[in-house]
Amino acid sequence: MAVDRHARTMLPIPDRPTPGLTTYDAKDPDTRFPPIEPLLPPDGAPNVLIVLLDDIGFGASSTFGGPCRTPTADRLAAGGLRYNRFHTTALCAPTRAALLSGRNHHSVGMGSITETATSAPGNSSMRPNTKAPLAMTLKLNGYSTAQFGKCHEVPVWQASPMGPFDAWPSVGGGFETFYGFIGGENNQWDPALYEGTTPVEPPATPEQGYHLTEDLADRAVNWVRQQKALMPDKPFFVYFAPGATHAPHHVPKEWADRYAGQFDDGWDVQRERTFARQKELGVIPADADLTSRHAEIPAWQDMPDELKPALARQMEVYAGFLEHVDHHVGRLIDAIEDLGVLDNTIVYYMIGDNGASAEGTLNGAFNEMANFNGMAALETPEFMVSKMDELGSPSSYNHYAVGWAWAMNAPFQWTKQVASHWGGTRNGTIVHWPHGIAERGGLRTQFTHVIDVAPTILEAAGLPEPTMVNGVQQSPIEGTSMLFTFNHSDAPEGHDLQYFEMFGNRGIYHRGWSAVTKHRTPWVMTGGALPAFDDDVWELYDGSSDYSQAHNLAAAEPEMLAKLQRLWLIEATKYNVLPIDDRGAERFEPSMAGRPTLIHGKSQQFFPGMGRLSESSVLSIKNKSFSVTADVVVPDSGADGVIIAQGGRFGGWTVYAKRGKAKFIYNVLGIQEFATEADLPIPAGNHQVRMEFAYDGGGLAKGGDVTLYYDGTAVGTGRVEATQPMIFSADETTDIGYESGTTVTPDYTPATSRFTGKINWVQIDLGDDNHDHYIDPEERLRIAMARQ
């Protein structure tokens with residue numbers, strides 16, 4: 001092997017001039033300069049592909065005994081290794097931040113999701129510059145880097161089109177190419193996409209057969225082919241993180257129909273079938289026990305008979321969704337194999353960034369935003385049955401019931417968000433690397449964690465952990481390389497101590513033992529008192545004889561429990577877990593959480609063409625009175641189209657013109673729509689259109705009265721009976737003069753949403769004291785300046 005002449009602990013690698021004779025004339029025979037050589041990693045450094053799927057329990061995929069067919073994962077496992085004790089953090093953004101840095105999630109500020117960030121260091125959602133991401137390290141060592149899919153690590157106040165972009169994948173994240181979405185989830189049929197930091201529209205519509213997973217795979221395949229065509233000697237690092245199978249569970253109908261009737265027996269029976277299959281495959285020990293169903297999770301037999309067909313369909317859709325994404329992962333694997341480089345590509349296929357999600361209520365959801373707004377009661381069993389055939393389609397924003405999440409986590413207890421138990425944190429993982437792994441189809445049982453991936457890749461590439469990146473001294477990577485397990489199935493585990501914490505759910509693993517306490521239940525969004533942390537009941541499990549945490553030894557081994565509880569506190573102190581934060585609504589309110597907000601005050605002005613503004617980039621009009629004023633120029637032919645729209649088909653509001661008349665629509669979760677229309681068309685010429693919403697008050701989600709004005713004169717009134725109190729959408733945005741994504745109302749489509757006249761400006765004002773119905777155009781600038 002050639003000697004590596006680069007000192008790689010300081011990145012970027014400093015340029016060092018070559019000493020020697022400098023001639024006066026380039027034609028002088030003594031003129032000698034070494035050839036310019038592109039920066040490359042050490043000889044033999046492998047390509048790297050990390051595939052990270054979303055919200056999948058250990059017992060979902062066929063590779064680990066589940067009912068959802070994953071032939072690509074099966075194929076990679078047959079040619080590589082399965083890991084049956086690989087762990088995540090119990091939630092998506094924290095797992096991703098840990099994966100990409102090699103540090104614990106609180107160490108990089110991602111104690112929970114970005115939307116609940118606080119000012120505490122462990123929950124700020126801000127990665128310290130002392131903990132450079134893996135992609136940056138690889139790029140500065142000569143790798144080509146690209147990310148496709150989900151990025152949920154951008155602080156919410158930095159997620160607008162103006163950045164700053166330090167936390168975005170293609171700037172501070174180290175990825176030279178990024179194509180995907182920013183946030184926790186996205187509409188698979190009509191996503192809000194970015195290429196680098198530029199918003200882009202999907203290349204086709206759902207009616208034309210578009211689906212996000214296929215689009216991401218197309219992009220990844222094309223990028224890999226181009227990279228090897230242009231830079232065959234340079235290894236690549238591809239991070240493929242599709243939104244599947246996070247809700248909404250969107251998949252073409254034919255994929256869901258492949259599972260017709262398969263889940264009619266319900267989740268209790270399915271869990272038993274999975275458990276038997278897991279033992280048959282040998283992916284769990286022969287002496288493992290199936291954990292019991294907790295009382296908080298209903299039995300299948302206790303569900304209403306009339307609801308069961310809809311519940312079964314929820315799982316059919318989910319299973320089709322998982323098989324669909326595995327198929328498109330297979331397309332990427334095939335492309336790498338066709339290029340002749342699969343054998344020297346380390347493939348990490350992580351089937352889930354946490355356990356299966358129980359955020360879909362006990363009955364499941366047609367629009368999961370109903371639960372996030374505390375309004376799940378709107379989706380009655382009768383409503384769910386009526387929408388059964390639409391599940392998975394563009395008209396749905398669906399999620400399956402809690403019981404299915406529990407079943408998909410077999411044989412473990414609990415689900416996503418519950419960091420205490422393996423059901424929330426143990427994810428089946430495959431490593432495939434023929435050049436570096438001799439065994440085919442092997443099983444590895446050493447305890448491993450998502451923070452172990454980064455050091456494994458660095459060791460496999462022959463790269464040192466950097467001590468300095470971009471002039472900043474780096475703190476040590478906290479994970480342990482898994483490379484020693486690749487060819488030694490019986491090697492002692494190297495990672496023998498690991499804490500877990502999420503929203504107060506806590507756990508600690510140490511040398512086979514685990515002590516855990518569940519503090520809160522994921523699907524209980526509102527109501528219910530949480531116990532004091534010191535009143536939480538701890539459980540104790542001996543992993544050497546109890547793989548699934550089925551036998552609680554807390555009463556029999558009090559000294560071991562006390563030892564592990566103390567160890568949890570030490571680790572929590574070390575990694576910024578404290579203070580433990582189990583707050584709910586308070587963490588969604590920036591002023592209470594202590595995080596910055598992009599917009600301040602009670603007024604915000606917009607201009608035509610502005611769009612793709614995330615919910616955190618716009619003044620919140622929820623649970624209060626507000627007004628919208630627009631200065632528009634209407635042509636003689638009349639006005640049509642959107643003036644301003646926030647949200648989309650599954651919740652939001654819009655002020656627009658329809659057949660010349662101003663109109664206001666408030667859409668509650670895609671279930672209820674309240675419309676107010678002006679009596680008269682907007683006159684031709686320069687005019688101000690205004691909508692005032694007078695909130696009823698008296699609590700959250702109340703209604704209010706609507707009045708429309710032209711130039712200060714009332715032209716229409718109406719009533720909104722209910723509003724959304726917490727969130728309109730996880731992916732839809734605010735647009736001025738048009739509407740991207742899905743539309744708030746079917747009165748127009750994205751293609752016909754553009755305003756036919758001219759918009760000079762649009763302004764939102766909060767409060768019930770904003771009754772200056774007409775703003776003199778000459779006074780507008782003075783007023784705007786005074787509000788700064």
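**Figure 1. Helices H4 and H7 pack against each other in the predicted model.** Helix H4 covers residues 212-230 and helix H7 covers residues 308-338. The two pack at an angle of about 10°, and their axes are 9 Å apart. Angles under 35 degrees count as roughly parallel, and H4 and H7 are therefore roughly parallel to each other.

**Figure 2. Residues at the contact of H4 with H7.** From H4, the residues in the contact are Thr-213, Glu-214, Ala-217, Asp-218, Ala-220, Val-221, Val-224 and Arg-225. They meet His-324, Val-325, His-328, Arg-331, Leu-332, Ala-335 and Ile-336 of H7. Sorted by class, the contact has eight nonpolar, three polar and four charged residues.

**Figure 3. The region that UniProt names "Sulfatase N-terminal".** An unreviewed UniProt entry places this domain feature at residues 46-462. Over residues 46-462, helix makes up 29% of the chain and strand 12%. The C-alpha atoms at the two ends of this stretch are 10 Å apart.

**Figure 4. An open sheet of three strands.** The strands follow the order S1-S14-S15, and their pairing is mixed. Strand S1 (10-11) and strand S15 (472-473) are the edge strands, each pairing on one side only. Strand S14 (residues 468-469) runs antiparallel to S15, and two bridges join them. Within this pair, Met-468 has Gln-473 of S15 as its bridge partner.

**Figure 5. The domains of the protein.** The domain assignment gives domain 1 as 47-434 + 441-491, domain 2 as 506-588 and domain 3 as 603-786. Between the C-alpha centres of domain 2 and domain 3 there are 47 Å.

**Figure 6. An open sheet of six strands.** The order of the strands is S20-S30-S21-S26-S27-S28, with antiparallel pairing. Strand S20 (603-606) and strand S28 (713-720) stand at the edges; each has a single partner strand, so one side of each is left without a neighbour in the sheet. On average, neighbouring strands of this sheet are turned by 15° against each other, direction ignored.

**Figure 7. Strands S26 and S27 of the six-strand sheet.** Strands of a sheet pair through backbone hydrogen bonds, either parallel or antiparallel. Strand S26 (residues 685-695) and strand S27 (residues 704-710) run antiparallel and are joined by seven bridges. Opposite Tyr-695 stands Gly-704 in S27.

Methods
Residues numbered from 1 in each chain as written. Predicted model: local features only at pLDDT ≥ 70, side-chain atom pairs only at ≥ 80, totals over all residues. Heavy atoms only, no water. UniProt positions renumbered as here; feature names shortened; annotations may be inferred. Helix = DSSP H or I, 4+ residues; strand = E, 2+ residues; numbered from the N terminus. Axes fitted to C-alpha atoms, helices over the stretch in contact; angles between N-to-C directions. Parallel < 35°, antiparallel > 145°, perpendicular 65-115°, else oblique. Contact = heavy atoms within 4.5 Å. Nonpolar A, V, L, I, M, F, W, Y, C, P; charged D, E, K, R; others polar. Pairing = 2+ DSSP bridges. Domains from an automatic or database assignment.
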